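I opened this entry to look up the salt bridges. The notes are kept short.

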Amino acid sequence: MVLGLLRHRRAHSAHGAAPALSVPLPPGAGAFGCEVLDALGQPLGGAEVTVTGQNSHRVATRGTTDPYGYFVAALPPGAYSVMTMAEGLSPVRETVEITAGVVLPPQRIALEPGRQLELPPSGTWLFDPPHTAIRFIAKHVGMAHVHGRFTRFEGGIRVAQNMADSQVQVRIDASSLTTGNQTRDNHLRSGDFLDVEHYPYIDFTSTRFAYRGGSKWTLHGTLTLHGTSRSVGLDTEYLGTVNGGYEQELRCAALAKAELHRQDFTLDYRSMLARGIAVVGPTVQLELDVQAMYRTPDTPTPPH
């Protein structure tokens with residue numbers, strides 16, 4: 001199999017056709033190519049392309065488009081299904097018939113924005129602690145991972161008429177961390193790590209929401225941890241709004257993730273094993289799995 005664009009000419013014809021492809025074919029093979037564009041008609045690099053035999057239902061090849069939005073493959077003769085996908089965009093499925101010795105003209109495939117869930121009504125939304133989790137993952141001794149969470153926190157979302165102007169605030173009690181091991185938890189609370197005696201809270205305040213398509217957003221803001229404030233971006237997926245749960249109140253949900261570098265927040269603890277492997281890795285994965293309740297004078301207090 002030949003993956004990737006081996007050679008393409010960027011000059012377009014007067015009719016705006018995709019450039020011709022020149023592919024060296026193995027004996028008995030044919031080839032096809034595609035040019036993937038986003039909703040604005042711009043080349044879409046990094047889109048995932050999966051080619052499956054229609055009779056065998058086996059994946060013949062898969063790959064990603066190059067920075068110019070191109071993908072090309074040489075294949076045995078036969079009928080194939082081509083699925084093209086990219087984050088935040090609706091996938092497109094095409095069929096191609098490969099003939100030995102024939103290089104098909106490249107197809108143009110335009111990916112449209114994915115279905116956007118209806119955004120929550122404007123107003124104040126409060127985190128529901130029993131149905132919200134703030135988790136972290138850190139690498140341990142170079143191979144395994146330590147999973148932990150914070151059990152005491154409060155937060156809320158002020159949803160604006162324009163979602164991009166909405167605001168999120170979260171305050172975490174740093175001493176409430178738990179990893180399931182008391183000795184390790186005490187060490188993480190100590191001056192070697194979070195130093196909860198001097199820095200009892202971890203705070204996040206958003207600055208803006210940036211829409212990324214579909215139900216994806218990037219939540220930009222300032223994270224204050226261990227007495228140090230840094231700008232971070234949370235990759236956020238909005239999961240929808242429902243009436244349900246405790247007394248059938250209106251709820252919305254989202255999942256947000258970020259990778260933090262310990263040294264950015266002066267968490268410089270270093271301990272090495274005899275083989276030179278760090279006991280704790282340099283990065284921490286942070287995840288917020290949030291349910292929030294619409295706050296009105298009649299909204300009940302979330303249960304404890």
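What follows are my notes on the salt bridges, taken from a predicted model.

**Entry 1, count.** I looked up the total and found nine salt bridges in the structure. I noted the general background too: side chains of opposite charge can pair when their charged atoms come close.

**Entry 2, E287 and R135.** I checked this pair and found a salt bridge, with 2.3 Å between the closest N and O atoms. E287 sits in strand 19 (residues 280–294) and R135 in strand 10 (residues 133–140), so the bridge ties together parts that are 152 residues apart in sequence. I then looked up the accessibility of R135: its relative accessible area is 28%, which makes R135 partly exposed.

**Entry 3, E287 and K257.** I found that E287 also meets K257 in a salt bridge, at 3.8 Å from N to O. This pair links distant parts of the chain, with E287 in strand 19 and K257 in strand 18 (residues 250–261), 30 residues apart. K257 has a relative accessible area of 43% and is partly exposed.

**Entry 4, network.** Which residues are linked with E287 in a network of salt bridges? I listed R135, K257 and D289.

**Entry 5, R171 and D203.** I looked up this pair and found a salt bridge, its closest N and O atoms 2.7 Å apart. R171 belongs to strand 13 (residues 167–173) and D203 to strand 15 (residues 201–213); the two residues are 32 apart, and the pair links distant parts of the chain. Are the two side chains buried or partly exposed? R171 is partly exposed at 35% relative accessibility, and D203 is partly exposed at 21%.

How values were computed:
Residues are numbered from 1 along each chain as its sequence is written. This is a predicted model: local features need pLDDT of at least 70, side-chain atom pairs count only at pLDDT 80 or more; totals for chains, interfaces and linings use all residues. Side-chain values use heavy atoms; hydrogens and water are left out. A salt bridge is a side-chain nitrogen of Lys or Arg within 4 Å of a carboxyl oxygen of Asp or Glu. Helices (H or I, at least four residues) and strands (E, at least two) are DSSP runs, numbered from the N terminus. Buried means under 20% relative accessible area, exposed over 50%, partly exposed in between (1.4 Å probe, protein chains only).
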